[in-house]
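Here is a short report for a reader new to this structure. Look over the sequence and the model, then read on.

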Amino acid sequence: TISGNDKVQDAYTVFSHADNSGSGDRLRNFNTNELQLQRRDTGSWNYSKDVYVRFDMSSIPEGSSIDSASLQLYLRSIYNNGVRDHVIRVYTVSRAWDETAITYQNAPGSADLQTIYNVPSNLGAGWLSFDVTPHVYDVVHRLKPNYGLVMYLDGDTYDSDRLTLTFDSSEGANSPRLVVDY
């Protein structure tokens with residue numbers, strides 16, 4: 001298991017359609033004690049928060065056979081005012097980033113889809129697990145660089161619907177962890 005502030009880089013970015021000037025939250029760095037995933041669509045105003053996380057995998061011997069790997073995040077709280085049919089999509093990241101400097105304006109894009117998690121309507125606090133075996137395999141076998149993972153909340157929202165998932169970050173009480181069986 002890989003976890004802890006010295007082994008994990010994480011942050012979240014904020015996009016606001018209302019922020020047309022290119023200032024405000026799009027330029028802010030959110031490297032805090034929490035990670036937020038959010039989607040809100042009011043028709044004329046879109047708002048989203050995306051999570052970036054990267055683990056130092058140097059403790060896994062190069063070329064190891066990877067049986068399974070899961071990204072685990074501790075869900076601290078959920079705000080849902082009627083949103084339904086949402087999924088969390090986890091992708092690999094397309095280029096390097098730094099947790100103290102990443103913003104929506106300079107955030108790298110996504111590359112390969114790793115997993116899709118259906119968000120149940122009765123979701124409560126606790127650990128959520130996402131299969132990221134292909135990503136860990138590629139990094140350990142040096143097939144792809146370790147730029148980390150990005151998480152997007154996707155789905156239909158109507159009028160003033162909003163869904164926000166708040167996770168502990170590496171600075172929080174329950175640091176993200178990467179559980180690898182090899």
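A salt bridge is a side-chain nitrogen of Lys or Arg within 4 Å of a carboxyl oxygen of Asp or Glu. Lysine 144 and aspartate 112 fit that description, with their side chains meeting at 2.3 Å, N to O. The two lie 32 residues apart, lysine 144 in the loop between α1 and β9 and aspartate 112 in strand β7 (residues 110-119). Keep in mind that this is a predicted model.

## Salt bridges

How many salt bridges does a search of the whole structure find? The search gives 5. Three of the pairs are set out below.

| Pair | N to O distance |
|---|---|
| Arginine 76 and glutamate 34 | 3.2 Å |
| Arginine 142 and glutamate 62 | 2.9 Å |
| Lysine 144 and aspartate 112 | 2.3 Å |

Take the pair of arginine 76 and glutamate 34, which form a salt bridge. Arginine 76 sits in strand β5 (residues 68-80) and glutamate 34 in strand β3 (residues 34-41), so their pairing ties together parts 42 residues apart in sequence. Arginine 76 has a relative accessible area of 34%, so it is partly exposed. Glutamate 34 is buried, because its relative accessible area is 18% and buried means under 20%. Salt bridges also link Glu34, Arg76 and Asp168 in a network.

Arginine 142 and glutamate 62 form another salt bridge. This pair links distant parts of the chain, 80 residues apart. Arginine 142 is in the loop between α1 (133-140) and β9 (149-155), while glutamate 62 is in the loop between β4 (46-55) and β5. Are these two residues buried or exposed? Both arginine 142 and glutamate 62 are exposed.

Lysine 144 and aspartate 112 are each partly exposed. Lysine 144 has a relative accessibility of 37%, and aspartate 112 has 31%.

## Around threonine 92

Aspartate 112 has a further partner. Its backbone nitrogen lies 2.9 Å from a polar atom of the threonine 92 side chain. Threonine 92 belongs to strand β6 (residues 86-93). At 9% relative accessibility, threonine 92 is buried. Beyond its neighbours within four places in sequence, threonine 92 contacts a set of residues including Gly109, Asp112, His135, Gly148 and Val150.

## Nonpolar cores

In soluble globular proteins, nonpolar side chains tend to be buried together. Here the largest nonpolar core has 36 residues. Which members touch the most others? They are Leu71, Ile88, Val136, Met151 and Leu165. Leaving out residues up to four places away in sequence, leucine 71 touches ten-odd positions along the chain, among them Val53, Phe55, Leu128, Phe130, Met151, Arg177 and Leu178. Another core, of 8 residues, lies apart from the largest one. Its members include Tyr52, Val93, Ala107 and Val150.

## Strand β11

In a regular strand the side chains alternate between the two faces of the sheet. Strand β11 (residues 177-181) has a covered face made of Leu178 and Val180. Its uncovered face holds Arg177, Val179 and Asp181.

Strand β11 runs antiparallel to β1 (residues 2-3), and 2 bridges join them. Strands β5 and β11 are also antiparallel, joined by 5 bridges. Which residues stand opposite arginine 177 of β11? Serine 3 does, and so does glutamine 72.

Conventions: Residues are numbered from 1 along each chain as its sequence is written. This is a predicted model: local features need pLDDT of at least 70, side-chain atom pairs count only at pLDDT 80 or more; totals for chains, interfaces and linings use all residues. Side-chain values use heavy atoms; hydrogens and water are left out. A nonpolar core is a set of buried Ala, Val, Leu, Ile, Met, Phe, Trp, Tyr and Cys residues joined through side-chain atoms within 4.5 Å. Buried means under 20% relative accessible area, exposed over 50%, partly exposed in between (1.4 Å probe, protein chains only). Contact means heavy atoms within 4.5 Å. Helices (H or I, at least four residues) and strands (E, at least two) are DSSP runs, numbered from the N terminus. Two strands pair if DSSP finds at least two bridges between them. A polar contact is a pair of N or O atoms within 3.5 Å; within protein, one must be able to donate a hydrogen and the other to accept it, and residues adjacent in sequence count only if both atoms are side-chain atoms.
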